[in-house]
Each structure stands twice: as structure tokens, then as C-alpha cells.
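The exercises below deal with salt bridges and a helix contact. Work through each one before reading its solution.

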Amino acid sequence: MPHAIIEIPAKLPLYSQTEAVVFPYMLFPLYVSDRDAATFREADNYEKYVVLTFERPDDPISGLPGGSSEIGTLCKVNQIKRMDDGRYKVSLEGVTRLRILDTEPSGALTLAHCEIVREFVEKDLVSDALVQSLNALLKIALSHGKPLPEDVMKMVDYIDNPARLSDLVALYVNLPPIDLQELLETVDPLERLKKVYVHLTNEVQRMQIKNEVAGEVTKRVGKNQKEYILREQMKHIQEELGEEDPRSADMNELRRKIEEAGLPEDIKKIADKELSRLERINQASPEYNVARTYLDYLAGMPWNTSTTDSLDIVRAEEILNEDHYNLKKVKERILEFLAVRSLKENMKGPVLCFVGPPGVGKTSLGKSIARSMGRKFVRISLGGVRDEAEIRGHRRTYIGALPGRIIKELYRCGVNNPIFMLDEIDKLGNDFRGDPASALLEVLDPEQNFSFNDHYLDVAFDLSKVMFITTANQLDPVPGPLKDRMEVIRLAGYSSQEKLQIAKNFIIARELEENGLSDRRLLFNDEALEKVIGDYTREAGVRGLQRTIASICRKVAKEITQNKATRSCITPEAVTELLGPKKFHNEVAAENDRIGVATGLAWTETGGDILFIEVTSMPGKTELILTGSLGDVMKESARAALSYIEAHADEFGIKPEAFENRIIHIHVPSGAIPKDGPSAGITMVTALVSLLTGKPARRNVAMTGEITLTGRVLAIGGLKEKVLAAHRAGVRTIIAPERNRDDLEDIPDNVRGELQFIFVTEAAEALAAAL
Ligand SMILES: Nc1ncnc2c1ncn2[C@@H]1O[C@H](COP(=O)(O)OP(=O)(O)O)[C@@H](O)[C@H]1O
Ligand SMILES: [Mg+2]
């Protein structure tokens, strides 16, 4: 232990600096100015010794001049050499730790009064283990690429003194001076060894992570490099063999497609530009696919491709009749429309809009029109479309952008003049993502749609050759500007008689075919169909009917495969057997006439329906309660009905006390379904008068009509739907406003024949008939 025998002068020149922390056994140069060199020259008077300390700028030790640390290093000055730039290079050698006890100025110098820190280590298991661990850790660090001179490694192998080892290793750990100073100040060798070990472990970990990341990167780069080289090689091989490489084959294919697409001049230019850009993009990059898809659309759009119309009106009529039963007025309107179109080519006509309940044939009429004109048919459903981008597409700058549905369908169908059905235009939504209705407006407006701008396509497409047809269940929710562009054709729904004919002439044949029964003779007799229509469906259209017949066909088909007795005829008994108990009951016949309950008629988006209005009263503060999800108009109509009755109480034989201190409650069952409209006015009057006079209302008399405060009955809409619904439900007498008398014409004869109609102008007339 060399330092054990060192003796030092009582006082030594002190040099504080911020450059480095000096450890014992360390050889190092210090570059200083002429003035500072004086301190080291002074060392000649002190057995060549000086004291070096590290000055912590942020944390000066109290009491010591210049904030130098309490623990310093005794250094031997080996050489002082003047440099070319006027500074001095001082070669120093660290000898041992010193504790600085006191300082005093002496001329330009500071002298320090120090004592040597004696480091004693008792060798034991712990110190041995620590030394070994540190040794091993150093080797690991070396394997991760830590720059450790070979002779240091050799030295480490020989040193078994923990104090020396820790100081030696500390020199090679990457630490900021503050941490090094802390190590210098840790005078207990074992403690110091532990700290060095922790620092080195951290460093090894950092190196490990760094190597992993670097490894990952080189792996990736390597892969790209490899691919590139392979591709180049493949190109060479293909050239040798006289083959085309798939990428340039792809490019040639695209180029050919663009040439043949007959693009308009300006669009051709854009396509060519895109193509040459595409050629420069790496095939593996996502951008390649984006550009490729775009070019596909651009070249694939039917810029100039159209089908030739067949404008034979006689043939068109035949086709319409082949596909649809009756619907005389509708077909007439359609044929007129087609006739005008055939006379005036490129007519910028209005857009047809079929309005009616579900299952009345709106969509299938559109298909028939396409067939009769010899055009292709495409259809999109607008139900739930809320985003403008669904109509008009996303800009290509978005990831995964695609064209809107209009352009997509035209691309798919390949011609620029199909019949394009926009189904369920009344279900169009809108929200923060823009208003799809305004985009549709541009689509449907003949003044604008010759240059429809899809955000994705980014060039105008001419939609003027497309014939648009729209459908809706109700017209009310359709935005006004859209409504203005459309020619509305209403389909009201079918009577049972009509449904029977549709089933016999259209649906059965289709369903037999569909279910693999076409080569068997399976007859449905009329009573069976009437049973299906009356007991298993309740609807304005024929969709449920079609579904039920399909279900019968499937069940029969199953019986055949199971080798049960084969049926040849579907009878009402067979219907019950196959379908189970009936699904709908006659609500009107099921119950007796009651006080305070009147039968009304409603017009909903699924067609007509009957509803019952119930009224009751109880003692309490005078008040009117309305329940059953009623809309504002219906609530007001209830108030008007009550006011009218109060004002004319004596005419109806109602005492004024009947209203005083009584709560009157009007309820419309099926409470969860929202109801609105003024047409329940006279039904409410009837129910109220029935309650207040104690006379029961006739349940099989259904009524509809708006009421004024003076008791006049005003016209209502949708009489045909309502009458058909009443007829379905088993009502036999209908009270309707006198002003709706003309609508009777639209009602099928057989329905009209089975019903009694009472047309009224005053509420009193309705009461007389209903109570
Ligand atoms: N008058 C009719 N004659 C023949 N089949 C009809 C008639 N009305 C509707 N259908 C059939 O009913 C089914 C439902 O019609 P669909 O066009 O989908 O109704 P919508 O579009 O009005 O809801 C279709 O198979 C259709 O052919
Ligand atoms: Mg439809």
C-alpha cells in the first residue's frame, strides 16, 4: 500500500478547478494560463506536491475558498511545459485522497492544511464477491463495445484491492463530474465499489438498449437492400429470358387502359401525369397503391360508354304489366314520362319520386323501368347516410380515401346512363360531417349535374345522362329543395283483393322457383291465400305476404326432402298447420263498444293504421292530461276538441259540472310509437262526448277528420291508406270529411263495396253516427 508510507508537508499549494475530478493513480495533463502555472511551479518547494480539488459550481462547500470541495487529491507535478499558444501544459499524477482541514492565503497562492485519507480494507467474502462481480461486469461492458484499453483490462485482472479497483474503474465509467466527485468523496472503499458497480450496471443497460435499437434498424435497412438487389437481379434474368417484369407489365396494362378509355382531353392529361408519377413510386410504399387505385378509377369511369335506349312505348307498357299487377295510374304516369323522354332526347326532366309504404313495389318499379328502357339498373340506399362524403367521396389526401357512392356505382356498372335509384331519400340524415342533402341536390339538379364533382375523383363527371329515380316512405322529411326537383308518384298500398291477385300472379311463381319447387305442382287455393293475407300479415304492401309465402314454400320443400306425404294443394288448414296460430287478431271485432273509447284512423310511413283514443276523468283540479307520445299538433287538436265540447255542452246534453274540478285524461295506446297530426280531431271529440254523456262509441265505426273550434270538419290526407287499413282491420263504417269525398275514386271497387262511408261537415254529424 504505497500511500500508507507517504509523508507530506504540513501545507500544500491548492488548485481548484472545474475541468476534471482527479483520482489517485491517474496520470493526466492540465492546461493552464501563465498565472495559474505559478501554483504548480511553487510545487518545487513542497516536494513536487500540490492539492487538486474539483469546484462544484452549483454546490460550493461552505468555508473553503473558491467553493472547493472538502476532499481533494494529492498530485505530483511531473512536468511543466510551455505551449506554442502561451499556455502551460502541466503533467500530473494522482497520488492519494486528502481531507482539506484549513486554508490560508500566501501571496498569490492559497495554501491548504491537509491530512491523508487512509483507506483500509479488510478482505472478506463481501469484498471478494464485489471485486469479482465488477470484473465480470467489465467484461460484459467490453462485449457491448465499451472502449476499454487492453492494458486496463489486464490490470483489472491483477488488482484485488477494492480501493484501487474502484478508483481505476471509476476512471472508465461514463459519469458526469458531479457523480465522479461523489465517488471521490466516498472514502469507504467497499461503499465506493458498490457505487461504481451500480453506475457501470446502468451504463451496460443503456448500451444494451442502444444496441438492440441499432440492430433493429440495420435489420430493416438490410431487408430493403436485399429486396432491391433481388429485384434488380430478377430484372436481369427476365431481360435475359425475354420476359416482361410484372411491374412494367402492370404499367403497360394501365397505360393501355387509359389509352382505350377514351378520356376527355383534360382528364387524359391528368391521367398521364398520374401515370408517370406512379412509375417513379416504389411499389412497396403505401403511396403506390393509393395512386394505382386512383388511376384505376380515372381510367375505369364510363366517360363515353352508354347503352342505347329502347324507346318503344308499347313494349315498355308490356314490360311494366309483366312485372306489376294493377297500379294503373302509376304505370300511366311512368309511360307518359318515358314518352316525353323519347320525344325530347337529353331531356333535363324532373326526377321521378315514388312515395309509399314499404313493400308496395317502389324499388321493383324502378327495375322494371330500367328493363323497359333497356338500361342498366343501379340502386343505393340512402337510409342512414349522414356524411356528405358518402355521396361525394373523401379527398385523396385522407388515408383510405375512396370515391362517393354515386361515382363508385357508376364505375361498377360501367355505363354513364343507367337508371340510378336513390332509395329511401326520406331517411337521409345529417350531422357535423356535412349535409348529404346538399350534395344530393347537386346530383339531381340538371343545371349542375353535368359537372358533378366528387372529392376523390377530383375532376368533373357528367351525370346528365343518368336517369335518377328516388323513393321515400313519406315526403315530409325530404328537404324542400330536393322535393322541388322531383315529380312525386304516390303508391298507396293494396287491398286484400289486390294482394290476392299479386300473390297468385306474381309472388307464388317466383317463390316456387326460388325454393326449388317450380317443377312440382303446388297450388295455393284462394281461401288459403286470404287466410295468409288476413291472419298472418297486416301491412300496406306485400313484403310480409311474400315472406310468408316463401316460408310456406320452404316448409313444403323440407317435407319433400324428408319424404313426408307430398302436398299438392295449400288449403287454409294447411296454412294453420305450417305456420302455427294466426299472428293478427281483429281488434275491432274482439271487444264490445265502450264508453270513452273511439276508433280513429292514422297515416304512418308504413301505410294506414287504426288507433283507439281513450278518455277517462277523475275528481281533482281542472286539468287536461295527454299521454301516448303525442306530437304538438295532436296535443293542440285535443285541446281544441275539449274547448269545442265545453262551448257546446248544452247541445250535447252535458252539464257544466262535468268539467268542474275534474281531471280529464286522453290516452292513445301503443304509447311508445310517436303520433302526430290533426286528423284525430273528430275521434277525440267522439271519445270525449261518449265519456261525458255516458253513451258508448261504436267500435266498428272508424273516423278521421281535423276539427275547428266551431266544430267544422276539415279535409285530411292519406284517405286511401286509411281506408285500406280500416278495411284490413275489419271496420265496416268510415266517417270522413265531406271535402275528401273525391278521394273515394282511388279506392278499389271491392273495398268500397264492403264499406259504408259517411261524409260529414260538422262534428255533430259524426257524433250522431258514432254514438
Ligand atoms: N303490384 C305488384 N305486382 C307484383 N309484385 C309486386 C307489386 N307490388 C310489389 N310487388 C313485389 O313486392 C316485393 C316488394 O316490393 P319492393 O319494390 O321491394 O317494395 P318497396 O321498394 O316499395 O318497399 C317485390 O318483390 C315486388 O316485386
Ligand atoms: Mg324499396
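**Exercise 1.** In this predicted model, classify R741 as buried, partly exposed or exposed, then do the same for its salt-bridge partner E738.

Solution. R741 has a relative accessible area of 42%. Buried means under 20% and exposed means over 50%, so a residue in between is partly exposed. R741 is therefore partly exposed. E738, at 29%, is also partly exposed. The N to O distance in the salt bridge of E738 and R741 is 2.9 Å.

**Exercise 2.** Determine how D296 and R292 are placed relative to each other in helix α9, and whether they are buried or exposed.

Solution. The two residues lie 4 apart in α9 (residues 286-300), which means that about one helical turn separates D296 and R292. Their side chains form a salt bridge, with 3.3 Å from N to O. Both D296 and R292 are buried.

**Exercise 3.** Locate the two partners of the salt bridge between D167 and R97.

Solution. D167 is in helix α4 (residues 162-172) and R97 is in strand β5 (residues 88-106). The pair is 70 residues apart and links distant parts of the chain. The closest N and O atoms are 2.9 Å apart, and both residues are buried.

**Exercise 4.** Describe the contact of α10 with α12.

Solution. Start with the axes: those of α10 (residues 313-323) and α12 (residues 362-373) come within 9 Å and cross at roughly 145°. The crossing is right-handed. Next, list the residues: A316, I319, L320, E322 and D323 in α10 meet S368, I369, R371 and S372 in α12. These divide into 4 nonpolar, 2 polar and 3 charged. Finally, a network of salt bridges links R315, E318, E322, D323 and R371.

Conventions. Residues numbered from 1 in each chain as written. Chains lettered and ligands numbered in written order. Predicted model: local features only at pLDDT ≥ 70, side-chain atom pairs only at ≥ 80, totals over all residues. Heavy atoms only, no water. Axes fitted to C-alpha atoms, helices over the stretch in contact; angles between N-to-C directions. Left-handed = near helix turned anticlockwise from the far one by under 90°. Contact = heavy atoms within 4.5 Å. Nonpolar A, V, L, I, M, F, W, Y, C, P; charged D, E, K, R; others polar. Salt bridge = Lys/Arg side-chain N within 4 Å of Asp/Glu carboxyl O. Buried < 20%, exposed > 50% of the residue type's maximum accessible area, 1.4 Å probe, protein only.
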